[in-house]
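Hello,

Here is the structure I promised to pass on to you. Please open it first, and then read on for what turned up in it.

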Amino acid sequence: MAEQILYIVIPARNEEGAIGEVIRKVPRSFHPAVHVKVMVVDDGSTDRTVEVARAAGADDIYTMPTNTGLGAAVRSGLREAYERGADYAVMIDADNEYPAEQIPELVAPLLDDEADYVMGSRFMGTIKGMKVHRRWGNYVFTLIQMILLRRFIYDGQSGMRAFSRAALADLEIIHDYNYAQVMTLNLVRKGYRMKEIPIRYQVRTTGTSFIRFWAYLSKVIPAIWREMRRPVHPGIRRTAKGGRTFLVSTEAEADYIYNQQKNAK
């Protein structure tokens with residue numbers, strides 16, 4: 001089997017206290033055919049985030065020109081991973097709230113071709129230390145996504161997600177402030193297969209969250225509205241190549257997968 005590249009994309013701003021542990025917990029050799037690379041997206045940090053990330057083993061640092069926002073950092077990081085040849089990508093927060101050691105479980109549905117987009121669900125797994133108002137906020141925004149998509153979702157706000165190459169190619173994040181809701185709305189509306197897996201979660205013990213309830217509400221609700229008003233075209237199509245049929249987003253994706261399989265023989 002030809003080697004496949006998995007990029008771990010970690011957006012970060014002023015996370016010197018936690019990012020080193022996140023990077024050290026990333027499993028590097030969990031599958032013989034998967035090569036793992038860690039890329040930190042530095043969104044205008046003014047502390048030692050970049051220095052700590054490099055010392056902990058980050059393979060790449062992608063530097064945003066200024067502090068642009070979490071949504072913009074995630075969008076840029078995932079696009080950069082795609083352009084560098086990622087077969088799969090995982091995005092995970094830099095604050096150590098999400099279990100980097102569970103990345104193999106997160107990408108397993110992609111490797112087994114059971115999904116194109118996987119979310120780590122805190123509410124299917126375990127939650128430690130989340131305040132009541134944040135828990136209810138998560139429930140409300142997840143309910144909004146369920147109503148709009150007409151499907152059940154356990155945790156629509158998760159900061160730990162995985163993507164196939166086809167999903168990376170077609171993903172659009174129109175919101176610079178955040179990504180959580182518009183990302184899922186965008187991919188599911190385009191026909192990508194979504195799956196959730198249970199993860200272990202604990203509230204951060206270092207740094208400060210950027211989320212403020214009223215600011216979050218005032219920016220995210222309009223972003224959801226704009227996303228749902230945008231026409232989207234199904235991202236996955238059946239394409240024949242070399243006597244085989246591929247589920248891909250573009251002809252270029254079919255060429256890529258076909259050549260990968262051909263070279264693996």
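Two strands count as paired if DSSP finds at least two bridges between them. With that in mind, strand S1 (residues 4-12) and strand S2 (residues 34-42) pair in the parallel sense, over nine bridges. To pick out one contact, Ile-8 has Val-38 in S2 as its bridge partner. Eight of the nine residues of S1 are buried, so the strand is largely enclosed by the rest of the structure. Please keep in mind throughout that this is a predicted model.

Helix H7 (residues 180-189) tells a similar story. Nine of its ten residues are buried, so the rest of the structure largely encloses this helix too. The buried ones are Ala-180, Gln-181, Val-182, Met-183, Thr-184, Leu-185, Asn-186, Leu-187 and Val-188. Just after H7, Gly-191 takes a positive phi of about 100 degrees.

Next, the aromatic residues. A search of the whole structure finds three aromatic pairs, and I will describe two of them here. The rings of Tyr-98 and Tyr-201 have centres 5.2 Å apart and planes at 65 degrees; angles over 60 count as edge-to-face, so this pair is edge-to-face. The two residues come from distant parts of the chain, 103 residues apart: Tyr-98 is in the loop between strand S4 (88-92) and helix H4 (103-111), while Tyr-201 is in strand S7 (residues 194-202). Both tyrosines are out of reach of the surface by the numbers: Tyr-98 is buried, with a relative accessible area of 4%, and Tyr-201 counts as buried at 3%.

The other pair is Tyr-117 with Phe-163. Their ring centres lie 5.5 Å apart and their planes are at 25 degrees, so these rings are stacked. Tyr-117 belongs to strand S5 (residues 117-128) and Phe-163 to strand S6, so the pair ties together parts that are 46 residues apart in sequence. Tyr-117 is buried at a relative accessible area of 0%, and Phe-163 is buried at 0% as well.

Rings also meet charges in this model. The charged end of Arg-122 sits over the ring of Tyr-201, 5.2 Å from its centre. Elsewhere, Arg-165 lies over the face of Tyr-82, at 4.0 Å from the ring centre.

Which side chains form salt bridges? The structure holds eleven of them, and these are some that I looked at:

- Arg-48 and Glu-51 form a salt bridge, with their closest N and O atoms 3.2 Å apart. Arg-48 is partly exposed, with a relative accessible area of 42%, and Glu-51 is partly exposed at 49%.
- Glu-114 and Lys-195 form another, the closest N and O atoms being 3.0 Å apart. Glu-114 lies in the loop between H4 and S5 and Lys-195 in strand S7, so this bridge ties together parts 81 residues apart in sequence. Glu-114 counts as partly exposed at 44% relative accessibility, as does Lys-195 at 32%.
- Glu-172 and Lys-190 meet at 2.7 Å, N to O. Glu-172 lies in the loop between helix H6 (165-170) and H7, and Lys-190 in the loop between H7 and S7, so the pair ties together parts that are 18 residues apart in sequence. Glu-172 is partly exposed at 33% relative accessibility, whereas Lys-190 is buried at 4%.
- Lys-25, Glu-101 and Arg-200 are linked in a network of salt bridges.

One more contact between separate stretches of the chain involves Val-74, in helix H3 (residues 70-83). The C-alpha atoms of Val-74 and Asp-176 are separated by 8.9 Å, although the two residues are 102 apart along the chain. Val-74 counts as buried, at 2% relative accessibility.

Finally, the outside. Met-124, Phe-152 and Tyr-154 form a nonpolar patch on the surface, with about 300 Å² of accessible area together. Phe-152 lies in the loop between helix H5 (132-149) and strand S6 (160-164). With a relative accessible area of 54%, Phe-152 is exposed.

Best wishes

Key. Residues are numbered from 1 along each chain as its sequence is written. This is a predicted model: local features need pLDDT of at least 70, side-chain atom pairs count only at pLDDT 80 or more; totals for chains, interfaces and linings use all residues. Side-chain values use heavy atoms; hydrogens and water are left out. Patches are made of residues with over 30% relative accessible area and no salt bridge: like charges are joined within 9 Å, nonpolar side chains (Val, Leu, Ile, Met, Phe, Trp, Tyr) within 5 Å. Accessible areas come from the Shrake-Rupley method with a 1.4 Å probe; for residues, only the protein chains shown count as cover. A salt bridge is a side-chain nitrogen of Lys or Arg within 4 Å of a carboxyl oxygen of Asp or Glu. Helices (H or I, at least four residues) and strands (E, at least two) are DSSP runs, numbered from the N terminus. Buried means under 20% relative accessible area, exposed over 50%, partly exposed in between (1.4 Å probe, protein chains only). Rings of Phe, Tyr and Trp (its six-membered ring) pair if their centres lie within 6.5 Å; planes under 30 degrees apart count as stacked, over 60 as edge-to-face and the rest as tilted. A charge sits over a ring if NZ of Lys or CZ of Arg is within 6 Å of the ring centre and within 35 degrees of the ring normal.
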